[in-house]
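Reader: Could you take me through one part of this model up close? I'd like to look at a pair of packed helices, and then at whatever you think belongs next to them in the tour.

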Amino acid sequence: MTTLRSHSRSHPGEGRGAGLPGSGGPGGCCQAPGDSRGPPWHPGFYPLVSTPPPCREGLSPGCCPPPVGRPLGQSCAPAPRHGQRVQGPSVLWRTPTLLAWRADVLVMTPWFAPIVWDGVFDSTVLDAQFRNTTIGLSVFAIKKYVVFLELFLQTAERYFMVGHRVTYYVFTDRPADVPSVPLAEGRQLVVLEVRNYARWQEVSMHRMEMISNFSRQRFLREVDYLVCVDVDMKFSDQVGVEILSPLFGTLHPGFFRAPCESFTYERRPQSQAYIPRDEGDFYYAGGFFGGSVAEVLRLTSACHQAMVVNQANGIEAVWHDESHLNRYFVYHKPTKVLSPEYLWDEQMLQRPPFLKRLRYVAVPKNHAEIRH
Ligand SMILES: CC(=O)N[C@H]1[C@@H](OP(=O)(O)OP(=O)(O)OC[C@H]2O[C@@H](n3ccc(=O)[nH]c3=O)[C@H](O)[C@@H]2O)O[C@H](CO)[C@H](O)[C@@H]1O
Ligand SMILES: [Mn+2]
């Protein structure tokens, strides 16, 4: 049984080790065709302390790692000792040290967006920065998926944006089945009654339309940021304001160390979700994205429009809304990228040592039973 996918799809980063550094797998986008020297450099996973392979002219820049070098300098702050806590104007902060960050994973995209891993941020600083922020958490529980709500909400109360103002937006066709979970101060739950669709793929895809409509109608006025997630998941560690940025996506846990040619992007040119073979940076998961409401409105409207055109042409993207999301992110680069700490599946994937925390994880489900 899979929990991230309805039917089998290989996860190239797992099992056979295909394409992992040292596995002798196929060359990534950074290698010219036929160049079999050394391991490929995979988006999402390469050591920052080694020398990357040369990038070849004419290859997709997004697939190549940025030049890697030493830290550029020391902090300009007046010299408290390493790690010493100092009283700033409004907050206790930990003096940054340029040598203490993560050296085992990519922490910056080639377009200079942070990739969020444990150890690269200080919640104390960020919590103060975002203290007047209201965050909407959008989740769909249509038909039988209402069974996931209780655990989802309970764990969100424990781990999601603790100490901040939060509005849960629960889209459902079964309002009577929304469980009443006690909420902490500053947090509220809004039930939005919406229609259902016969096929699970349609339910999943129409989330883009509904998020877009409700963003325009009310989210723009009610919250600053919107976080859009799958419901068949639970929080198992802190997910805080470190994720917030105008536009963010999450690395799909099955592909973050896979060569880009194995990404399951939509490859049919007649589809609105089409991504040519030599384009694309990362493979993003459909189950965790967000940003400012204005940016989420742009993203969801664009994806919905693309799906309307596809439907008129009798074509459905290979991974539904996820394919459209991936296309959107190729041409509208996210300003922050969340590591697979923010979307993991313990049943399907073996946890690598550099994944220090699992913050949002799949709840096992029987696909056939829950979707019909
Ligand atoms: C973790 C992750 O990245 N998940 C993505 C993945 O599939 P999944 O296999 O995780 O899809 P899924 O079954 O969780 O469906 C996506 C979501 O749609 C909602 N839902 C679906 C069916 C239904 O009857 N009722 C209902 O409420 C629910 O919120 C669910 O979590 O690929 C899908 C498209 O193929 C979506 O892009 C998902 O976001
Ligand atoms: Mn899911």
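Author: Let's go straight to H3 (residues 200-222) and H4 (residues 293-312) in this predicted model. Their axes come within 8 Å and cross at roughly 145°, and the crossing is left-handed. On the H3 side, the contact is made by Met205, Met208, Glu209, Ile211, Ser212, Ser215, Arg216, Phe219 and Leu220. H4 answers with Val293, Ala294, Val296, Leu297, Leu299, Thr300, Ser301, Cys303, His304 and Met307. Sort the residues of this contact by character and you get 12 nonpolar, 5 polar and 2 charged.

Now for the sheet. Strand E10 covers residues 284-292, while H4 starts at residue 293. E10 is mostly covered, with 9 of its 9 residues buried. One neighbour is E7 (residues 225-229), which runs antiparallel to E10 and is joined to it by 5 bridges; in that pairing, Val227 has Gly290 of E10 as its bridge partner. Another neighbour is E9 (residues 247-251), also antiparallel to E10, this time over 4 bridges. Here Leu251 is partnered with Tyr284 of E10.

Step back and you'll see an open sheet of 8 strands, in the order E3-E11-E9-E10-E7-E4-E5-E6, with mixed pairing. The edges are E3 (115-116) and E6 (187-193), each of which pairs on one side only. The parallel sense turns up between E9 and E11 (residues 336-338), which share 3 bridges, and Gly249 of E9 has Val337 of E11 as its bridge partner. A further helix, H5 (residues 320-331), packs on this sheet and touches E9 and E10. The direction of H5 makes about 55° with that of E10.

One last stop is the manganese ion (ligand 2). Its protein donors come from Asp230 (OD) and Asp232 (OD), with Asp232 giving two of them, and they lie 2.2 to 2.4 Å from the ion. Strand E7 ends at residue 229, so you can pick up Asp230 by following the chain on from there. How covered are these two aspartates? Asp230 counts as partly exposed because its relative accessible area is 21%, and the cut-off for buried is under 20%. Asp232 has a relative accessible area of 6%, so this residue is buried.

Conventions
Residues numbered from 1 in each chain as written. Chains lettered and ligands numbered in written order. Predicted model: local features only at pLDDT ≥ 70, side-chain atom pairs only at ≥ 80, totals over all residues. Heavy atoms only, no water. Axes fitted to C-alpha atoms, helices over the stretch in contact; angles between N-to-C directions. Helix = DSSP H or I, 4+ residues; strand = E, 2+ residues; numbered from the N terminus. Left-handed = near helix turned anticlockwise from the far one by under 90°. Contact = heavy atoms within 4.5 Å. Nonpolar A, V, L, I, M, F, W, Y, C, P; charged D, E, K, R; others polar. Donors = N, O, S within 2.8 Å, 3.2 Å for Na, K, Ca; no water. Buried < 20%, exposed > 50% of the residue type's maximum accessible area, 1.4 Å probe, protein only. Pairing = 2+ DSSP bridges.
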